[in-house]
Amino acid sequence: MLRGIPMLWTTTWWDRMKCHRIDWEAMRRSRLKAFKERKSRSLRRHPLSRPKSIRSTPISREWKRNSKPWKRTLTRINWNLSLSKKKTQRNVDKANEYKTLFQRSFTESGGKKIIPGKGTEEAETLEQLEDLVERREEILWEKIDDLVERIEQDSVRDAIMTFGNPPYYVKMTIEFPMADPEKDPSEWQRTQGTLVFELAPLEKMPHAVNFFLQQIHHKLWDGCAFVINAMHILQAGPHRHIKAGNYEANAVDLMDKFLKAELDKIAFQEYHEDYPHAKYTLGLAGRPGGPDFYINKIDNSVNHGPGGQDHHDLHEEADPCFGKLIRGKRVIEELSQVPVDHAKGGLFLETVTIVNAVIAYDEQFEEEAD
């Protein structure tokens, strides 16, 4: 059948047929490679397909360029190391800043360092500075405890040598307007009453007891006044009534007596848990306490005890409680009839004056019933 066909044409046809033969294995490999490339592009393009640790971070760009697993791991390690170095350097800079501020804060304006420079200059970290402060704080508290103990010992000796052996009683005479419902308060007749205080046991409150006895002995309370009659306390101080609801607080002539005698403030906030601020007990107002004192009209063991005065810097301290009212409770009730200005914290609108206060030597008193 091929006898009439030229040989040249026959060869060319066959060669063309050979060129168009399909290599199925090569096609399979090509399609598999294309599928893998499409899948790889999809993974790089979708942020949720990447590990959570590198989403939306600069490392994602390195992740795209370095497709091999070992390169991705190395990139991640380098990035974490870089972040760790930056964080460490920030901590070091912050510690150095704290160290500088710490050293400056303990330097007086005159250039004299309160804390010796050797301790702070040798400290290299914030932890070392904190350890230095803690050690110094422990030593300072030990010194404070020693001073408190010495003050209390001196107070016991001073009280016994000056006023004899306890118990101690104080009689205070006050002048106040007697309530008369048929007259205006400004026209009420003035009368006098006596308050008798029994001071706390010397072994429990030696400093506060001796402090108050010294004030009475030097007649510092003569001429002062009770100025506040609140719901919980009745407070007295070196103040002078001017007119209805107005007082000269810490009147110069009255306060000057306390200052000259150096009996205006107590040395420390003395307190004993066995002598709390129960009803009709006495307390020293202020921080540090004095010269004002008050009579508790209710049980103020919580409000005036340890932690009760949280508006002070050292809120864990308490007001010294150094005595109790044993006679004159009826006078306290009569004072409750004197009008006050509640808008000003219970200031008396009329004068309630302390005529005199004396130590009752060689007298014995029994506490009257409520």
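User: Which residues touch the most other members of the largest nonpolar core?

Analyst: Happy to help! In this predicted model, the largest nonpolar core has 53 residues, and Ile174, Phe197, Trp221, Phe226 and Phe293 touch the most other members. Helix H7 supplies the largest share of this core, with six residues.

User: What makes the set with Val196 and Phe365 a second core?

Analyst: A core is a set of buried residues of certain kinds joined through side-chain atoms within 4.5 Å. Val196 and Phe365, together with Ile326 and Ala360, are among the five residues of a separate core.

User: Why is glutamine 215 called buried?

Analyst: Buried means under 20% relative accessible area. Glutamine 215 has 0%, so this residue counts as buried. Its place is in helix H7, which covers residues 206-217.

User: How do you know that the side chain of glutamine 215 makes a polar contact with leucine 263?

Analyst: The cut-off for such a pair of N or O atoms is 3.5 Å. The side chain of glutamine 215 reaches the backbone oxygen of leucine 263 at 2.9 Å, so the pair is within that limit. Leaving aside neighbours within four places in sequence, glutamine 215 is also in contact with Leu220, Trp221, Phe258 and Pro291.

User: What does isoleucine 174 touch, not counting residues up to four places away in sequence?

Analyst: Its partners include Phe226, Leu195, Val331, Leu335 and Ile354.

User: How many of the chain's residues are buried?

Analyst: Buried residues make up 33% of the 370 in the chain. The chain's secondary structure comes to nine helices and twelve strands.

How values were computed: Residues are numbered from 1 along each chain as its sequence is written. This is a predicted model: local features need pLDDT of at least 70, side-chain atom pairs count only at pLDDT 80 or more; totals for chains, interfaces and linings use all residues. Side-chain values use heavy atoms; hydrogens and water are left out. Helices (H or I, at least four residues) and strands (E, at least two) are DSSP runs, numbered from the N terminus. Buried means under 20% relative accessible area, exposed over 50%, partly exposed in between (1.4 Å probe, protein chains only). A polar contact is a pair of N or O atoms within 3.5 Å; within protein, one must be able to donate a hydrogen and the other to accept it, and residues adjacent in sequence count only if both atoms are side-chain atoms. Contact means heavy atoms within 4.5 Å.
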